[in-house]
Amino acid sequence: MKVEENRVVRFHYTVSEGGREVESSRSVGEPLAVLFGKGGLIPGVEKALAGRESGDTVQAEVSPEEGYGPYRPELTQRVPKKHFKNMPLAVGQTVMMQTQQGPRPITIKKVGMSVVDIDLNHPMAGKQLSFDIEIIEVREASAEEIDHGHVHGEGGVRH
């Protein structure tokens, strides 16, 4: 069965930047499960998977434009330290912060006495990424999965 819209795809991936591994599904042991064609993947990975089948391995070079977008300097801000409610903070740490657009991961850039410099860019924004992917399973999505817009059961959401 081929990877196409409204099919559930389970796959292992390793993403590297400049030859250095950044993240891997194998480190958590579970493959990622997505409802294909519904925006759950960055465009470069979605293009690499389209039309493939279970058992295929795929290598994809993903540009920032087809990945997590360009790095945007205007997304760095200085905020009062009180917004972190005595949370221990360290440079390079990623934490969830409530923003006007809802909860969002932010990266701590600098910690001062009363202010914290933060970066709202995705940690992989502006980076050329290499993906090594192994497709474990491709199956038809259930009507409920399509209606909800995400995978249920193994590797997905459990309601």
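Q: What is the relative accessible area of Lys127?
A: In this predicted model, local features need pLDDT of at least 70, side-chain atom pairs count only at pLDDT 80 or more, and totals for chains, interfaces and linings use all residues. Residues are numbered from 1 along each chain as its sequence is written, and side-chain values use heavy atoms, with hydrogens and water left out. A residue is buried under 20% relative accessible area, exposed over 50% and partly exposed in between (1.4 Å probe, protein chains only). Lys127 counts as partly exposed, at 27%.

Q: How far apart in sequence are the parts tied together by Lys127 and Glu17?
A: A salt bridge needs a side-chain nitrogen of Lys or Arg within 4 Å of a carboxyl oxygen of Asp or Glu. Lys127 and Glu17 form one, with their closest N and O atoms 3.8 Å apart. Lys127 lies in the loop between strand E8 (115–119) and strand E9 (129–140), and Glu17 lies in strand E1, so the pair ties together parts separated by 110 residues.

Q: Which residue forms a salt bridge with Glu53?
A: Glu53 is partly exposed at 32% relative accessibility, and its partner is partly exposed at 40%. The closest approach is 3.1 Å, N to O. Glu53 is in the loop between helix H1 (43–49) and strand E4 (57–62), and 51 residues separate it from its partner in the segment before strand E1 (7–17). That partner is Lys2.

Q: How many salt bridges does the chain have?
A: One of them joins Arg72 and Glu74, with 2.9 Å between the closest N and O atoms; Arg72 is partly exposed at 39%, whereas Glu74 is exposed at 52%. In addition, Glu4, Arg7 and Glu140 are linked in a salt-bridge network. By the 4 Å rule, the count is 13.

Q: How far apart are the centres of the positive and negative side chains?
A: Lys and Arg count as positive, Asp and Glu as negative, while His and the chain ends are not counted. Each charge is placed at NZ of Lys, CZ of Arg, CG of Asp or CD of Glu. With 19 positive and 23 negative side chains, the two centres are separated by 10 Å.

Q: What pattern of helices and strands does the chain follow?
A: Helices (H or I, at least four residues) and strands (E, at least two) are DSSP runs numbered from the N terminus. The chain has two helices and nine strands. Read along the sequence, the order is β-β-β-α-β-β-β-β-β-β-α.

Q: Which element gives the largest share of the largest nonpolar core?
A: A nonpolar core is a set of buried Ala, Val, Leu, Ile, Met, Phe, Trp, Tyr and Cys residues joined through side-chain atoms within 4.5 Å. The largest has 21 residues, and Phe11, Val45, Leu49, Phe131 and Ile133 have the most contacts inside it. E1, H1, E4 and E9 each give two or more residues to this core. The largest share, five residues, comes from E9.

Q: How many residues are in the second, separate core?
A: In soluble globular proteins, nonpolar side chains tend to be buried together. Here the second core includes Val79, Leu89, Val95 and Ile106. Its residue count is eleven.

Q: What is the C-alpha distance between Val116 and Gln77?
A: Val116 lies in strand E8 and is buried, at 0% relative accessibility. Leaving aside neighbours within four places in sequence, its contacts (heavy atoms within 4.5 Å) include Gln77, Val79, Phe84, Leu89 and Ile108. Val116 and Gln77 are 39 residues apart in sequence, and their C-alpha atoms are separated by 8.2 Å.

Q: What is the phi of Asn86?
A: Most residues other than glycine have a negative phi. Lys85, in the loop between strand E5 (76–80) and strand E6 (94–99), has a positive phi near 45° and is exposed at 71%. Asn86 is found in the loop between E5 and E6 and is exposed at 82%. Asn86 also has a positive phi, of about 65°.

Q: What percentage of the residues in the chain is buried?
A: The C-alpha atoms fill a box of roughly 55 × 40 × 25 Å along the principal axes. Of the contacts with a separation of 6 or more, 63% join residues 24 or more positions apart. Among the 159 residues, the buried share is 36%.
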